[in-house]
Amino acid sequence: MINIAKVIIDDETIKEVVEVLKSGHLVEGKVTRKFEESFAKWVNCKFAYSTSSGSTALLLALLSLIKKDDEVIVPSFTHISTANSVIYARGRVKFVDIDQETYNLSVEDLKLKISRNTKAIIAVHLFGLPANLKEIGKIAEDYNAIVISDAAQAHGAKIDGVNIANLSHLSCYSFYPTKNIVAGEGGMVACDCEDCYRKGLLIKNHGDKGRYEHVDLGFNFRLNDIASAIGFNYLKKADELISRRIQNAKFLISKLEKLETLILPKVPKGYTHVYNQFSLRINKELLKVDRDGFVQELRKRGIDARVHYPLPIPLQPIYKSLHSLDESSIKVSKEVSSTILSLPVHPYLTQEELSIIANKVEEVSKEFQKF
Ligand SMILES: Cc1ncc(COP(=O)(O)O)c(C=O)c1O
């Protein structure tokens with residue numbers, strides 16, 4: 001099987017992990033500080049604090065900004081963590097549909113749904129493609145709302161050469177093993193806002209000002225130094241790994257763009273897509289199989305195709321029980337979630353594997369084409 005993701009831990013990383021183990025300083029030690037400082041520099045932000053996961057990065061970002069019952073806008077098509085973090089922060093989720101071409105927040109729908117009650121907008125940069133932060137930022141400003149980037153899949157993504165972290169108030173990252181930078185489990189919040197940074201630091205450690213003086217309500221969302229050593233060493237190679245993802249995606253596009261049965265990723269001018277996932281859609285009208293059938297055929301042929309994500313968040317069983325929602329308000333999310341699939345694009349694919357992926361996708365497309 002050609003896997004959807006691959007993690008390689010090099011000798012330098014192993015050496016540093018062993019040093020951490022030998023030091024006995026396993027949590028929030030100097031390796032974690034080093035990882036935070038290098039990450040802040042890499043995204044060109046004044047501050048960055050580590051967290052135990054991408055989900056807790058989002059939760060802390062929200063807790064440092066919103067109050068109970070504040071409304072937060074979330075795209076209806078994303079990883080469930082984006083919406084869950086709002087509920088855990090005691091905010092109210094308001095879903096906005098996605099754009100048909102980019103699968104990110106629809107600016108048109110945002111204009112319709114934002115209100116004076118909106119405190120924050122979470123712009124998810126899905127699959128590694130930046131959301132339209134310039135337009136989203138302007139709309140947010142008109143309503144005095146804050147833009148938080150869910151950049152769990154978008155380390156290194158840029159618009160006109162500017163890192164997405166510099167186009168939002170706070171940016172949240174994940175270091176889960178499928179991500180562009182890996183630490184095992186882990187996350188990071190990056191920002192220029194000193195108040196948000198200080199508040200996040202407090203909350204991630206039980207509101208402890210130092211020596212058990214608890215001045216805020218918090219919890220344990222700390223990162224350990226073993227994960228930080230892995231993350232720090234991945235970060236050193238991040239630019240090279242991301243550029244390989246981009247090359248791999250370009251190769252797949254060049255081989256597949258002739259197929260009418262497929263709708264390939266489209267990248268707006270000036271946007272740097274960092275391809276955490278290479279997600280494409282099937283053209284249902286032209287195929288005799290549905291998306292699940294297409295994925296099964298690829299898997300039979302040794303390609304680890306996956307579905308990100310099979311349901312818009314408001315249609316997940318738990319959200320159906322929490323919210324009543326007119327399904328016509330998320331029609332693009334519904335259409336995209338029933339036609340999308342992801343192919344391997346990770347940086348360790350060989351040229352031979354990339355050719356096999358392209359050939360198998362073409363084979364399935366042709367075998368199941370209607371006309
Ligand atoms: C868009 C998005 N947001 C948040 C998360 C949560 O990150 P983690 O799994 O590190 O908690 C993920 C993880 O896949 C994600 O894809």
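**Exercise 1. Work out the strand order of the open sheet of 3 strands, and find which strands stand at its edges.**

Step 1. The order is β10-β12-β13, with antiparallel pairing. Strands here are DSSP runs of E of at least two residues, helices are runs of H or I of at least four, and both are numbered from the N terminus. Two strands pair if DSSP finds at least two bridges between them.

Step 2. β10 (262-263) and β13 (340-343) each have a single partner strand, so one side of each is left without a neighbour in the sheet.

Step 3. Now look at β12 (residues 278-282), which 4 bridges join to β13. Arg 281 stands opposite Ile 340 in β13.

Before you go on, please note that the model is predicted: local features need pLDDT of at least 70, side-chain atom pairs count only at pLDDT 80 or more, and totals for chains, interfaces and linings use all residues. Residues are numbered from 1 along each chain as its sequence is written.

**Exercise 2. Follow helix α4 (residues 80-88) from its buried residues to the loop after it.**

Step 1. Ser 81, Thr 82, Ala 83, Ser 85 and Val 86 are buried. A residue is buried if 20 or more other C-beta atoms lie within 10 Å of its own, exposed if 12 or fewer, and partly exposed in between, with C-beta atoms placed from the backbone.

Step 2. Their cover includes α3 (54-63), β2 (71-75), β3 (92-96), β4 (118-124) and β5 (146-150).

Step 3. In the loop between α4 and β3 you meet Arg 90, whose phi is positive, near 70°. Arg 90 counts as partly exposed, with 13 C-beta neighbours inside 10 Å.

**Exercise 3. Which residues come nearest to the ligand?**

Step 1. Of the 14 residues around the ligand, the nearest are Gly 54, Ser 55, His 79, Ala 152 and Ser 174. Near means that a residue's C-beta atom, placed from the backbone, lies within 6 Å of the molecule or strand in question.

Step 2. α3 and α4 are the elements that give two or more residues to this shell.

**Exercise 4. Locate two unusual backbone spots in loops.**

Step 1. Most residues other than glycine have a negative phi, and most peptide bonds are trans.

Step 2. Asn 44 has a positive phi of about 60°; its place is in the loop between α2 (30-42) and β1 (47-51). Asn 44 is exposed, with 12 other C-beta atoms within 10 Å.

Step 3. His 308 and Tyr 309 are joined by a cis peptide bond, with omega about 5°. Tyr 309 lies in the loop between α9 (291-300) and α10 (317-322).

Technical notes. Two residues are in contact if their C-beta atoms, placed from the backbone, lie within 7 Å.
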